[in-house]
Amino acid sequence: MSARAQTVRLSPAQHRILAGFARQRGLSEYAMLARVVDQGLTALVQGTGSAIDTREIVTELAAVGTHIVDVEHMLNRTLFTACAAYCYARSAASGACKSDEFLTQEIHAAYDRQRRLAQEHRS
């Protein structure tokens, strides 16, 4: 079977993209155009399976979202524990006999301060 010549008109933007891909792959623009046509026709014939891919992506994103929530809860507990350990250690090192109620206020203040600082760095 012999190949058949076709004339293809590309917009300037399409030509830039095609030329860029050709340079990246070390191909001529003509060879790259042939690959684009082959892959495009294959996608049209076989279909992209986008409906299946979309469902899988949504399922995976939901799972990732659930794991992120779990990790966030764990990090919050870890931060609070670290703040508590710091406040109790600081109190013990200073030799001051502070009540648990007072230390609890300091722990919450330290925790809130660290959360606020994290928010500021994210913005």
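Does Phe80 count as buried, exposed or partly exposed, and at what relative accessibility? Select Phe80 to begin: at 31% relative accessibility, above the 20% limit for buried and below the 50% limit for exposed, the residue counts as partly exposed. Keep in mind throughout that this is a predicted model.

**Stop 1: the aromatic pair**

Leave Phe80 selected and add Tyr111. A search of the whole structure finds one aromatic pair. The ring centres of Phe80 and Tyr111 lie 5.7 Å apart with the planes at 70°, so the pair is edge-to-face; the angle for that class has to be over 60 degrees. Phe80 belongs to helix α3 (residues 50-94) and Tyr111 to helix α4, so the pair ties together parts that are 31 residues apart in sequence. Tyr111 has a relative accessible area of 16% and is therefore buried, whereas Phe80 is partly exposed.

**Stop 2: helix α4**

Now select residues 100-122, which form helix α4. The helix has 23 residues, and the distance from its first C-alpha to its last is 33 Å, close to the 33 Å expected at 1.5 Å a residue. Colour Leu103, Glu106, Ile107, Ala110 and Tyr111, which are buried in α4.

Take Leu103 from that set. Its relative accessibility is 3%, so Leu103 counts as buried. Which residues does Leu103 touch, not counting those up to four places away in sequence? They are Cys87, Tyr88, Ser91 and Lys98. For a distance to display, use Leu103 and Ser91: their C-alpha atoms are 8.2 Å apart in space, with the two positions 12 residues apart in sequence numbering.

Move along α4 to Glu106. With a relative accessible area of 16%, Glu106 is buried. Leaving aside neighbours within four places in sequence, Glu106 is in contact with Cys87, Arg90 and Lys98. Cys87 and Lys98 also appear in the list for Leu103.

**Stop 3: helix α1**

Go to residues 12-25, helix α1. Its 14 residues reach 20 Å from the first C-alpha to the last, close to the 20 Å expected at 1.5 Å a residue. Leu18, Ala19, Gly20 and Ala22 are buried here, and what covers the buried residues of α1 includes α2. Step just past the end of α1 to Gly26, where phi is positive, about 70°.

**Stop 4: helix α2 and its packing on α1**

Select residues 29-46 for helix α2. At 1.5 Å a residue its 18 residues should span 26 Å, and the end C-alpha atoms are 25 Å apart, which agrees. Just after α2, Gly47 also has a positive phi, of about 80°.

Show α1 and α2 together. How far apart are their axes, and at what angle do the helices pack? The axes are 9 Å apart and the angle is about 105°, which makes α1 roughly perpendicular to α2. To see the contact, display His15, Leu18, Ala19, Phe21, Ala22 and Arg25 of α1 with Glu29, Met32, Leu33, Arg35 and Val36 of α2. Coloured by class, the contact of α1 with α2 shows seven nonpolar, one polar and three charged residues.

**Stop 5: Ala34**

Stay in α2 and pick Ala34. Its relative accessible area is 36%, so Ala34 is partly exposed. Finish with a long view that takes in Ser94: the C-alpha atoms of Ala34 and Ser94 are separated by 76 Å, and the two residues are 60 apart along the chain.

Key:
Residues numbered from 1 in each chain as written. Predicted model: local features only at pLDDT ≥ 70, side-chain atom pairs only at ≥ 80, totals over all residues. Heavy atoms only, no water. Helix = DSSP H or I, 4+ residues; strand = E, 2+ residues; numbered from the N terminus. Expected span 1.5 Å × (residues − 1). Buried < 20%, exposed > 50% of the residue type's maximum accessible area, 1.4 Å probe, protein only. Contact = heavy atoms within 4.5 Å. Phe/Tyr/Trp six-rings, centres within 6.5 Å; stacked < 30°, edge-to-face > 60°. Axes fitted to C-alpha atoms, helices over the stretch in contact; angles between N-to-C directions. Parallel < 35°, antiparallel > 145°, perpendicular 65-115°, else oblique. Nonpolar A, V, L, I, M, F, W, Y, C, P; charged D, E, K, R; others polar.
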